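Subject: A structure to look through

Hello,

I am passing on the structure we talked about, and below it I have written out what was found, so that you can follow each point in the viewer at your own pace.

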Amino acid sequence: MFLICSSCSDDCYLPQLRSCRAKRMFYQTSADRTKTARISAGFVQSGAKAALVALALTMRMDSTRAEEIDFSPYRAAAEYCAGEVVRPLALSPDQRILCFDGLFYTDQDLSLVYELQVGGLFVVRSFGGDEVAMMTLAERLRGRNATVVVRGYCLLGCASYFVVASGMTIILKDALVAWGPLVVDGFCLGLRNALDEGLPRLDIGPCGKPLLRTPGPIYEMRLAFMGPRRVNDNFEEPPESTFIRRTLRKNIDWKRATETSGLMWTWHPRYQQSSVKTKIVYERYPDSQEEVAALAERLRLRARVIYDP
């Protein structure tokens, strides 16, 4: 197992750095309480219509193409949120559209979500932010049976919490959705055993060999959040396909902390139905690494985004 001690320096690409110290306190408190009994955390872990000879290819095509959905109402909502509205959070006059554009902070006022009509649209463009605030809003969106609409980008914590927030998520064309681990100062980024017993996963936790699971408050909140949203008990967040795990294991320079701290990846739609209950619909999932790199460049991301084919 390869381990690196991560640090949140000014050069790190992490929009969540503002809450980095608070998260470390959460993790460190738990680590201290369990110091004398540290647990080794080797985590134990549509239907195709084409001919049988082309089944694999057909399944891939079916999982990536947009379903027979009229995307125009979602595009219209995204255009409204891109216009002259209050930021970061705004509610349309008819209370059918709730917009969020920016970073989530610990003291973010989330009261507007209660005014959103049941079955309304939550349009988001965000790098993420404070995990507790995002989980709180995601739970409220679920209670309103809102449809999440991603415009532009939804990265890191935004992807982890809002893409699976409610019953349906629409990802508009040319929007970049990417996951990645949160690097916390003083902890280690490394590989650990996966619950699905596949290749090791990239994760973060108190340093140890193997990498230690962190049974702190944030970790417990994540488990409680994902519990009613996952289909497969072996599904872990952030999602990592076999291809992504192999890429992380073979192609990352583990001695370069700044490279791994700015690392993100996409998640192919064909894995989502067997992992989470949310119906996730891409208007168009990217076709290649080059397309993902172009999206990242357009957004001026100082990060490497790996394409999950």
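Please keep in mind throughout that this is a predicted model. A good place to begin is the largest nonpolar core, which has 63 residues, and in which those with the most contacts inside the core are F122, L141, L155, F162, L176, V177 and L301. If you select F162 and leave aside its neighbours within four places in sequence, you will find F162 in contact with F104, F122, V124, M134, L137, A138, L141, V148, G157 and T169. Apart from the largest core lies another core, of 16 residues, among them A90, L121, V149 and V281. As general background, nonpolar side chains in soluble globular proteins tend to be buried together.

Next, please turn to helix α9, which spans residues 289-298 and whose buried residues are E291, V292, L295 and A296. These four lie on the same side of α9, because they cover an arc of only 140° around the axis. On the other side of the helix, E290 and E297 are exposed. The buried residues of α9 pack against β7 (176-178) and β12 (304-306), and just after the helix R300 takes a positive phi of about 60°.

Finally, look at E283, which lies in the loop between β11 (279-282) and α9. Is E283 buried or exposed? E283 counts as buried because its relative accessibility is 15%, which falls under the 20% cut-off. The side chain of E283 also makes a polar contact with the side chain of R75, at 2.5 Å.

Best wishes

How values were computed: Residues are numbered from 1 along each chain as its sequence is written. This is a predicted model: local features need pLDDT of at least 70, side-chain atom pairs count only at pLDDT 80 or more; totals for chains, interfaces and linings use all residues. Side-chain values use heavy atoms; hydrogens and water are left out. Buried means under 20% relative accessible area, exposed over 50%, partly exposed in between (1.4 Å probe, protein chains only). Helices (H or I, at least four residues) and strands (E, at least two) are DSSP runs, numbered from the N terminus. The arc is that of the directions from the helix axis to the C-beta atoms. Contact means heavy atoms within 4.5 Å. A nonpolar core is a set of buried Ala, Val, Leu, Ile, Met, Phe, Trp, Tyr and Cys residues joined through side-chain atoms within 4.5 Å. A polar contact is a pair of N or O atoms within 3.5 Å; within protein, one must be able to donate a hydrogen and the other to accept it, and residues adjacent in sequence count only if both atoms are side-chain atoms.
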